[in-house]
Amino acid sequence: MTSSPGSFVLQATEVHKRFGRLHILKGVSLDVRPRETVCIIGTSGSGKTTFLRCINHLEKIDSGSIEVNGHPIGYRTKKDRLVEDSERNIARQRTEIGFVFQRFNLFPHKTALENVIEAPVHVRGVAKDQAIAEAETLLTRVGLADKRDVYPGKLSGGQQQRVAIARSLAMKPALMLFDEPTSALDPEVTGEVLDVMEELAHEGTTMIVVTHEMGFAKRAADRVVMMDEGVIIEEGPPEHFFESPTHERTKAFLSKIL
Amino acid sequence: MIQLCLVNWHLVWSRIADPNDVFFHALWATVYISVVAQVLGILLGLVAALMRMASFRPLRFLSGLYVLLFRGTPVLVQIMVVWLIIPGRVIDLGAFTLQQDVFAGILALGINEGAYMREIIRAGIDSIDKGQMEAGKSLGMRSGAIMRRIVLPQAARVIVPPLGNEFNNMMKTSSLVYIIGVYELFSDSEQIFSSSTNVAPFLAVAFWYLVLTSIWSVFQAVIERRLAVSEHGDELSLRERAVAVWTEGGGVARLGEWPFGTGGRWRGRS
């Protein structure tokens with residue numbers, strides 16, 4: 001079964017992941033359409049971050065398949081067996097997938113601008129002038145044009161995370177993944193990051209956001225997905241999801257968090 | 001105390017204040033043997049550190065064996081062995097030639113140093129947060145590029161202070177090559193000693209080693225400062241660092257703090 005190109009950005013089918021004896025993902029399937037924003041919620045330990053990391057092969061999956069834009073991620077079939085892909089191919093696939101980390105992971109020895117142009121120049125081979133022009137546009141978009149020559153150590157958490165978002169966007173990825181992007185932030189600066197993300201969602205960026213920010217999920221998500229103990233137990237558009245959840249675990253979770 | 005009276009102070013003074021040409025050759029030999037051996041040590045240490053991280057088992061094994069052998073045996077023995085197994089009297093390196101004993105001395109000191117540098121470089125690489133690697137990966141960078149552009153430049157801040165100490169050591173340890181007949185700072189004094197049998201030439205040479213290591217301390221402070229500047233804006237002034245050289249060994253104390261912050265303890269001082 002192959003879907004026609006463009007119909008799904010992400011197709012994850014029956015993904016299993018174990019860490020030793022811990023069975024973290026027990027068959028997760030999720031399809032994401034272009035321009036869709038999907039929020040994944042759930043208690044910690046439910047496997048949502050692990051699933052997100054599997055999508056760009058920061059974690060290897062044990063079985064199942066993950067395809068981004070129709071290309072299997074991290075594995076190829078060789079004599080009917082799945083083998084891990086070459087580093088070169090995995091790296092190329094990752095250029096299509098932006099990843100925003102909980103702890104930003106900006107390069108501390110590079111300025112905001114240098115962080116943003118690093119991959120376009122040294123991975124994509126974009127001319128430096130052009131990369132700088134694009135990076136300036138992106139920094140303006142996240143509201144940090146005046147911080148272009150500042151090192152991450154001098155930026156607040158919220159500013160660092162916005163630079164990190166700009167850095168990912170600079171590769172013009174088909175899919176953006178956000179791993180609890182505001183969990184490491186002081187409450188007073190989460191808003192500035194969520195605003196940027198909400199704008200991206202409304203502009204039609206295809207994104208998957210693991211988050212505990214229910215307000216953001218309500219406003220920005222096209223679909224909310226609830227994970228529990230390694231499986232997706234419920235999903236739906238936010239209005240349904242938050243108003244009339246059907247699963248007991250979802251109800252319990254929402255009552256605790258809202 | 002009685003011995004001090006027997007010191008030929010005139011000889012000490014003349015060796016310090018009025019060095020001859022032969023002495024300057026010896027001084028220069030010490031400097032370039034140390035520098036070249038140290039550079040060789042850094043390169044070998046880097047290769048060994050990367051080999052240790054390889055997924056291919058035999059490479060990791062070789063890297064471990066290297067450290068085991070060269071950290072576990074005296075450098076003096078290594079110098080003798082290398083000197084004895086390298087044939088010829090003059091070594092032709094294409095662009096220039098080296099006397100066999102100088103070549104053997106540099107090689108032995110460099111290989112020995114590489115074993116220590118591997119540990120220092122490894123510690124530097126290990127001190128970099130795993131998230132840096134993951135950020136590079138997520139942007140589509142390959143491991144070589146991540147190492148070169150992301151990890152090593154940051155690890156350098158951790159590597160440089162102990163590296164400076166290693167070079168300080170190297171300048172002094174290089175005196176051991178006198179045993180294979182290399183003419184350098186120590187052999188120079190040794191020769192004066194054999195004709196005068198007075199402690200004076202050794203006091204003088206101690207002074208000259210002190211000059212070399214002191215000059216190096218200043219260099220080290222400058223290098224560390226420049227590395228720190230590329231990280232963030234507020235830094236100690238050059239003069240403050242120069243003071244630190246004398247009071248606490250050039251900022252080595254900062255070492256443990258780096259992995260946990262972007263600025264270490266200098267950060268608050270804007």
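Let's begin with Gln220(B), which sits in helix H10 of chain B, a helix covering residues 200–229. The model you are looking at is a predicted one. Is Gln220(B) buried or exposed? Its relative accessibility is 8%, and Gln220(B) counts as buried because that value is under 20%. Leaving aside residues up to four places away in sequence, Gln220(B) touches Val160(B), Pro161(B), Gly164(B) and Asn165(B). With one of these neighbours there is something extra to find: the side chain of Gln220(B) reaches the backbone oxygen of Pro161(B) at 3.2 Å.

Now turn to chain A and look for Gly125(A). You will find Gly125(A) in the loop between helix H3 (112–124) and helix H4 (128–141) of chain A. Gly125(A) has a relative accessible area of 58%, so this residue counts as exposed, the cut-off being over 50%. Try locating Thr111(A) as well, 14 residues away from Gly125(A) along the chain. The C-alpha atoms of Gly125(A) and Thr111(A) are separated by 19 Å.

Chain A also has a sheet to trace. Four strands make up an open sheet, in the order S2-S1-S4-S5, and their pairing is antiparallel. Which strands stand at the edges? They are strand S2 (22–32) and strand S5 (71–72) of chain A; each has a single partner strand, so one side of each is left without a neighbour in the sheet. The partner of S2(A) is worth following with your eye: strand S1 of chain A, residues 10–19, pairs with S2(A) in the antiparallel sense over eight bridges. As a landmark, find Leu10(A), which stands opposite Val32(A) in S2(A).

Next come the charged side chains. Side chains of opposite charge can pair when their charged atoms come close. Over all chains, the structure holds 21 salt bridges. One of them joins the side chains of Arg76(A) and Asp85(A), with 3.0 Å from N to O. Arg76(A) is partly exposed, at a relative accessible area of 36%, whereas Asp85(A) is buried, at 10%.

In chain B, a salt bridge joins the side chains of Glu119(B) and Arg122(B), at 3.6 Å from N to O. Where do these two residues lie? Both belong to helix H6 of chain B (residues 100–126), and they are three residues apart, about one turn of the helix. Glu119(B) counts as buried at 18% relative accessibility, while Arg122(B) is partly exposed at 22%. The cut-off for buried is under 20%, so these two values fall on opposite sides of it. Elsewhere, salt bridges that share partners join Arg53(A), Glu59(A), Lys130(B) and Glu134(B) into one network.

That network brings us to the place where the chains meet. Here 25 residues of chain B are in contact with 27 residues of chain A. Between them, the two chains bury about 2,300 Å², with 54% of it on carbon and sulfur atoms. Which three residues supply more than any other three of the area that chain B buries against chain A? They are Leu139(B), Arg142(B) and Arg149(B), which together supply 28% of that area.

Between chain B and chain A, the count is two salt bridges. Arg149(B) forms a salt bridge with Glu118(A), their closest N and O atoms being 2.5 Å apart. Glu118(A) also forms a salt bridge with Lys110(A), and there the closest N and O atoms are 3.3 Å apart. Glu118(A) counts as buried, with 2% relative accessibility, and Lys110(A) counts as buried too, with 11%.

To finish the tour of this interface, consider its polar contacts and the side that chain B provides. Eight residue pairs are in polar contact across the interface of chain B and chain A, both residues of each pair being at pLDDT 80 or more. On the side of chain B that touches chain A, helix H7 (130–138) and helix H8 (143–173) of chain B each supply at least two residues. The largest share, seven residues, comes from H7(B). What kinds of residues make up this side of chain B? They divide into six nonpolar, eleven polar and eight charged.

Notes: Residues are numbered from 1 along each chain as its sequence is written. Chains are lettered from A and ligands numbered from 1 in the order in which they are written. This is a predicted model: local features need pLDDT of at least 70, side-chain atom pairs count only at pLDDT 80 or more; totals for chains, interfaces and linings use all residues. Side-chain values use heavy atoms; hydrogens and water are left out. Contact means heavy atoms within 4.5 Å. Buried area is the accessible area (1.4 Å probe) that two parts lose on being put together, summed over both. A salt bridge is a side-chain nitrogen of Lys or Arg within 4 Å of a carboxyl oxygen of Asp or Glu. A polar contact is a pair of N or O atoms within 3.5 Å; within protein, one must be able to donate a hydrogen and the other to accept it, and residues adjacent in sequence count only if both atoms are side-chain atoms. Ala, Val, Leu, Ile, Met, Phe, Trp, Tyr, Cys and Pro count as nonpolar, Asp, Glu, Lys and Arg as charged, and the others, Gly among them, as polar. Buried means under 20% relative accessible area, exposed over 50%, partly exposed in between (1.4 Å probe, protein chains only). Two strands pair if DSSP finds at least two bridges between them.
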